[in-house]
Amino acid sequence: MGLEIAGAGYRDCRFVYLFLDGQRIGTVRPGAGGTIDGDGFSVPGDTSPGSHQVTTSCQSSGRSVRATTTFMVTASSMHRSGFVTAIPQPHQISLALGDLATSAIAALLILLLFAFPYELFNSTVEENYDEIRRWFRLPARAAAVARSKARTAAFFVLNLAAAAVYGFLSPDFGLNVNSLVLLLGMFVALVVMSAVFSLPAAVVIHRRFGEWGRLNFLPGSLGISVVMVVMSRLLHFQPGYVYGAMAGLAFRSALNESTQGRLTAANWFFSLLLAIGAWFARVPVSEAAAQPDASVWWMGVEVCLALIFLWGIESLAVAMLPMRFLDGRKVIDWNRTMWAVLMFLGAFVTVHILLSAGSGYVGQTGEQVRFAVLLLFLGFGAFSVSVWAYFRYRPQRREPAPT
């Protein structure tokens, strides 16, 4: 259900944070007289029937409660998923210069915390790749073997499997109609993004080589999906992290590195536009899905649009990491400025929309998640510097004289 919240007495608050049973569901800025009046908030989809407490606080942690009211949740065979209701809508995002600047600074910090260690680690590994392989007694690198043609049936089946894996981000995912709607919405979103993501590159390659490409899915990406879901559930990070699936169009035509980098950048700019477009298109759909006795079709379309948005912005932030085998490596080898722009956009949109004060997306994220993420950043940074320092300052080995 959609929620409307009104109150008074918040003159001393910059923001008023709204909670349902201690879980943040959104934020509203008080008016000049200290009153609040907001709509567009939602009861999380995994909320159980019964009596619940809606509270307000001037602190983002919710520790100092300013007001409390009781909200009754009744049983329903169909409801919107918490995976969807946590995503803020456009009118809930602040456009104040101070808030935009804060998100920009956070995006720059993420750029430094992510990109610099990864770039240092990646360049070090690439320079000493053969030696590192010998440490683990791995055989010498063999020439790449051409992949067989992707089968359309396997493409759809594996995308359906990926949708089922991500369905378990919802705690109430199981054998029920609500889970079926969530599954189908995710499946359609994955297929759409997989087929449409490479459209800019497909048009260029078709004009140059007369080839449209074939649908392709990398089964190994299912393992990444499982890891993301397990980590989200273990760390109580709800609604969880969605990285999508490694699927798209495969081409037989060979391209040089510069062309690959340029087309990869075009693909990601296009996917970002699709994600933002889905975010705005979700507004009227959410209004229809939040009505009593809403049609199951509205709920399914809302899931699809929400996943397209999440997939587009979260995947961009990760894909632009300058690591071997990621798209960021191709773009940075082609144009470092363009790579920095894409990396910044992915981080900025993720921070300002999903992690902003007006978002309920972080409402179910405990302190242990923030601590674990911080440790991950610092730990990988220290590890990257250590690997670089080992190869940089170790004594030079003398090559044996030729016989």
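Let's start on the surface: Ile105, Leu109 and Leu112 together make a nonpolar patch of about 310 Å². Keep in mind that you're looking at a predicted model. Of these residues, Leu112 sits in helix 2, which covers residues 97-127. Leu112 counts as exposed because its relative accessible area is 56%, and the cut-off for that label is over 50%.

Now step back and take in the whole protein. You'll find twelve helices and eight strands. The chain has 403 residues, and 47% of them count as buried. About 21200 Å² is exposed, with carbon and sulfur atoms supplying 64% of that area. What share of the contacts with a separation of 6 or more comes from residues 24 or more positions apart? That share is 76%.

Next, have a look at the strands. Four of them form an open sheet in the order 3-2-5-6, and the pairing is antiparallel. At the edges you'll see strand 3 (23-28) and strand 6 (65-73), each pairing on one side only. Ignoring direction, neighbouring strands in this sheet are turned by 25° against each other on average. Follow strand 5, residues 50-57, and you'll see that it runs antiparallel to strand 6, with eight bridges joining the two.

Strand 5 is a good place to zoom in, and Thr55 belongs to it. Which residue of strand 6 stands opposite Thr55? It's another threonine, Thr68. Is Thr55 buried or exposed? Thr55 counts as buried, because its relative accessibility is 14% and the limit for buried is under 20%. Setting aside neighbours within four places in sequence, Thr55 is in contact with Tyr17, Leu18 and Phe19, and also with Val65, Ala67 and Thr68.

Move along to Thr56, which is found in strand 5 too. Thr56 has a relative accessible area of 7%, so it is buried. Once residues up to four places away in sequence are left out, Thr56 touches Tyr10, Val16, Tyr17 and Leu18, along with Ser64, Val65, Arg66 and Ala67. One more pair to try in your viewer is Thr56 and Arg24: they are 32 residues apart along the chain, and their C-alpha atoms are separated by 9.4 Å.

Definitions and conventions: Residues numbered from 1 in each chain as written. Predicted model: local features only at pLDDT ≥ 70, side-chain atom pairs only at ≥ 80, totals over all residues. Heavy atoms only, no water. Helix = DSSP H or I, 4+ residues; strand = E, 2+ residues; numbered from the N terminus. Buried < 20%, exposed > 50% of the residue type's maximum accessible area, 1.4 Å probe, protein only. Contact = heavy atoms within 4.5 Å. Areas by Shrake-Rupley, 256 points an atom, 1.4 Å probe, with all protein chains shown as cover. Pairing = 2+ DSSP bridges. Axes fitted to C-alpha atoms, helices over the stretch in contact; angles between N-to-C directions. Patch = residues over 30% accessible without salt bridge, like charges linked within 9 Å, V, L, I, M, F, W, Y side chains within 5 Å. Salt bridge = Lys/Arg side-chain N within 4 Å of Asp/Glu carboxyl O.
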